[in-house]
Every structure is written in structure tokens, then in C-alpha cells.
Amino acid sequence: MRPTPPDTAPKLERYFTYRLNTLSKLNDLASHSLYLTQGGLTLSESRALASIGSFPQITVNQLAFEANLDKGQASRAAQSLVDKGLVIKTHNLVDGRSVILALTAKGKPVWRKLMALMEQRNQALMRCLTPEEQTQLIGLFERMLAQAKAEHTGQGDTEAP
């Protein structure tokens with residue numbers, strides 16, 4: 001098979017996955033600045049706190065997935081939140097090797113403030129779209145997310161409507 005000449009090779013920018021990753025990176029930069037200046041938390045801590053407050057009885061492994069962090073980042077972020085008094089660790093009675101993470105009384109108002117900052121960031125990112133476009137984008141994204149989850153779990157293709 002002959003290699004594609006450079007002048008006719010597909011441009012990286014045309015791929016949806018490239019654009020999605022670029023959007024994610026730019027959003028991370030803006031989010032990190034917002035969460036640090038207005039919430040006093042790093043991006044990893046913010047993602048971890050948001051997930052811990054949103055998913056009761058979450059383990060570090062689950063936290064890594066939900067917060068889009070690797071296991072080491074999730075563990076460090078969780079420990080930082082414990083050190084700040086925002087999160088408590090308890091032994092997992094089902095699996096003695098893991099711990100359950102939960103918000104403390106001090107962590108709950110910080111979580112609520114963080115969720116408001118996330119809403120603010122979400123609105124800022126979506127403000128270039130009309131309400132109808134936002135609804136359509138979310139619907140399309142939900143279908144793509146369901147497809148990716150099905151592929152990840154080995155369930156195969158999901159049906160298009």
C-alpha cells in the first residue's frame with residue numbers, strides 16, 4: 001500500500017475527535033482558572049469533588065472514571081480533599097481493599113458552589129448556540145455517548161432513531 005502524499009493527506013483538524021479533544025483542552029484551561037480563583041480548588045480537585053458529591057458511595061476507581069482522571073490523580077485529589085476537610089474516607093464493607101468517599105458537612109456548601117461554577121462555565125461555553133441548537137447538540141451528544149459506552153462494554157452498536 002502506497003502512503004498518502006502529504007498534500008492530499010487528511011488534515012487533523014477535520015476529525016471530530018481532534019476537535020472534541022481541542023474543545024476539551026480549552027475548556028479545561030478556562031475551568032481550571034475559574035475553579036482556582038473562585039473556588040480555591042485545582043481542576044483535579046474540582047472534578048473529584050463534583051463527582052464525590054454527585055455519586056454517593058463512590059470509590060477511588062469509580063472516581064477516576066467519573067472525574068476523567070487516572071487512578072493516581074483521583075487518589076491524590078481525593079486525599080487533598082480529605083486533607084482540606086471536604087471529603088471523608090470510610091472503609092468499603094463490600095470490598096475491604098477500597099474506601100468509600102463522601103462529602104463532609106464542610107464539603108457540601110463547597111460542592112454546591114462548585115456546581116454553580118460548573119453551570120456558569122457550561123453556559124459560557126454554550127452561549128454561541130441558540131436554545132434549539134443547544135437542545136439538538138445535547139441530544140446528538142447523548143446518542144454518541146451511548147454508542148461509546150456500548151462499544152466500551154462490548155454491547156455493540158446502538159440503533160439510530
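The exercises below deal with the spaces in a predicted model and with two of its residues.

**Exercise 1. Describe the largest cavity: state how much space lies in it, which residues line it, and which element gives the largest share of the lining.**

Solution. Begin with the count, which is that the structure holds one cavity of 30 Å³ or more. The space in the largest cavity comes to about 40 Å³. Next, list the lining, which is made up of Y35, G39, L41, S46, V110, K113, L114 and L117. Two elements, α1 (16–39) and α5 (107–126), each give two or more residues to this lining, and the largest share, four residues, comes from α5. Finally, sort the lining residues by class, which gives five nonpolar, two polar and one charged.

**Exercise 2. Describe the largest pocket by its volume, its lining and the classes of its lining residues.**

Solution. The volume of the largest pocket is about 2,000 Å³. Its lining has 39 residues, and those nearest the centre of the pocket are L20, S24, N27, N122 and F141. The elements that contribute two or more residues to this lining are α1, α2, α3 (60–66), α5 and α6 (131–153), with the largest share, 10 residues, coming from α1. By class, the lining has 23 nonpolar, eight polar and eight charged residues.

**Exercise 3. Carry out the same steps for the second largest pocket.**

Solution. About 190 Å³ of space lies in the second largest pocket, and among the residues that line this pocket are T59, K71, K89, D95 and R97. The elements α3 and α4 (71–83) each give two or more residues to the lining, and α4 provides the largest share, which is three residues. The classes are three nonpolar, four polar and four charged residues.

**Exercise 4. Decide whether L12 is buried, partly exposed or exposed, and explain why.**

Solution. First locate L12, which lies in the segment before α1. Its relative accessible area is 48%, and this value has to be compared with the limits, since buried means under 20% and exposed means over 50%. Because 48% falls between these limits, L12 is partly exposed.

**Exercise 5. Place R47 in the structure, find its contacts, and relate its position to that of L12.**

Solution. R47 is in helix α2, which covers residues 43–54. Leaving aside residues up to four places away in sequence, R47 touches D28, A67, N68 and L69. For N68 there is a further detail, as a polar atom of the R47 side chain lies 3.5 Å from the backbone oxygen of N68. Lastly, L12 and R47 are separated by 35 residues in sequence, and the distance between their C-alpha atoms is 29 Å.

Key
Residues are numbered from 1 along each chain as its sequence is written. This is a predicted model: local features need pLDDT of at least 70, side-chain atom pairs count only at pLDDT 80 or more; totals for chains, interfaces and linings use all residues. Side-chain values use heavy atoms; hydrogens and water are left out. On a 1 Å grid over the protein atoms alone, a cavity is a set of points where a 1.4 Å probe fits but cannot get out, and a pocket is an open set with protein on both sides within 12 Å along at least five of seven lines; lining residues have an atom within 4 Å of a point. Grid points are joined across faces, edges and corners, and a volume is the space filled by probe spheres set on the points. Ala, Val, Leu, Ile, Met, Phe, Trp, Tyr, Cys and Pro count as nonpolar, Asp, Glu, Lys and Arg as charged, and the others, Gly among them, as polar. Buried means under 20% relative accessible area, exposed over 50%, partly exposed in between (1.4 Å probe, protein chains only). A polar contact is a pair of N or O atoms within 3.5 Å; within protein, one must be able to donate a hydrogen and the other to accept it, and residues adjacent in sequence count only if both atoms are side-chain atoms. Contact means heavy atoms within 4.5 Å.
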